[in-house]
Amino acid sequence: MKKQSPNLLGAVVRDYFTDHLPRLRGTSPHTIHSYRDSIVLLLRFVSEQRKKPVAVLDLVDLDPSGILAFLSYLEHDRKNGVSTRNVRLSAIHAFFHFVASRNPEHLDLAQRVLGIPFKRAQQRTIDYLEYEEIDSILKAIDRTTLMGYRDYALVATMFNTRCSSARDRRCSCLRPAVDQTFSSAIVR
């Protein structure tokens, strides 16, 4: 049986995960695991598509068309959302930045992979703020001026009421509270 010599992909993956990310970049273990999971999924997918064992895949097998097929597979077959797809693509981009810097003979391949764009994902709205976040916002308001007291009163009211309640308020509802706040500010 013919012995398979190590190929470039194996060496690059090894150096990337054992030296580059943890030692040179100081990447957190969680990020390394996330990148590793993304690359493992990619290699398994490409292996199945090319009908080759993962152990014999080479760097040139990770071409843009294969990576685009992988990203499509994530969304349609694995039912991943756009944000998960983008996280996987981010890991692939990071890997190919390393490939480009370490193996200039594959710069063309790396540039084509790095040219794969992220999909736009709908931004999630922030449903609530933690106490510390609210506290830091309120502390940032300069209450040494009348405008600062006004801003503080409005923001504190906003944080302490439901949006529909705050929206339905009229200036006349706030006037007694604001007058009392401003008069105590002036007295100080």
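**Figure 1. Arg36 and Asp37 pair in a salt bridge.** In this predicted model, the closest N and O atoms of Arg36 and Asp37 are 2.9 Å apart. Arg36 is partly exposed, at 38% relative accessibility. Asp37 is partly exposed as well, with a relative accessible area of 34%.

**Figure 2. A salt bridge joins the side chains of Lys52 and Asp61.** The N to O distance is 3.2 Å. Is Asp61 buried or exposed? Asp61 has a relative accessible area of 7%. Buried means under 20%, so Asp61 counts as buried. Its partner in the salt bridge is Lys52. Lys52 is partly exposed, at 31% relative accessibility. The view therefore pairs a buried Asp61 with a partly exposed Lys52.

**Figure 3. Arg150 and Asp151 meet through their side chains.** This contact is a salt bridge, with N and O 2.5 Å apart. Arg150 has a relative accessible area of 34% and is partly exposed. Asp151 has a relative accessibility of 30% and also counts as partly exposed. The partly exposed class lies between the 20% and 50% cut-offs.

**Figure 4. Three residues share a network of salt bridges.** Which residues are linked here? The network consists of Arg14, Asp15 and Arg102. Two arginines, Arg14 and Arg102, are thus tied into one network with Asp15.

**Figure 5. The whole chain gives the setting for the close-ups.** The secondary structure comes to nine helices. How many strands does the chain have? The count is zero. Along the sequence, the pattern runs α-α-α-α-α-α-α-α-α. The chain has 188 residues, and 31% of them count as buried. Asp61, from the second view, is one of the buried residues. Among contacts with a separation of 6 or more, 61% join residues 24 or more positions apart. The accessible surface of the chain is about 13,200 Å². Carbon and sulfur atoms hold 54% of that surface. Salt bridges number eleven in total. Among the pairs are Arg36 with Asp37, Lys52 with Asp61 and Arg150 with Asp151.

How values were computed. Residues are numbered from 1 along each chain as its sequence is written. This is a predicted model: local features need pLDDT of at least 70, side-chain atom pairs count only at pLDDT 80 or more; totals for chains, interfaces and linings use all residues. Side-chain values use heavy atoms; hydrogens and water are left out. Helices (H or I, at least four residues) and strands (E, at least two) are DSSP runs, numbered from the N terminus. Buried means under 20% relative accessible area, exposed over 50%, partly exposed in between (1.4 Å probe, protein chains only). Contact means heavy atoms within 4.5 Å. Accessible areas come from the Shrake-Rupley method with a 1.4 Å probe; for residues, only the protein chains shown count as cover. A salt bridge is a side-chain nitrogen of Lys or Arg within 4 Å of a carboxyl oxygen of Asp or Glu.
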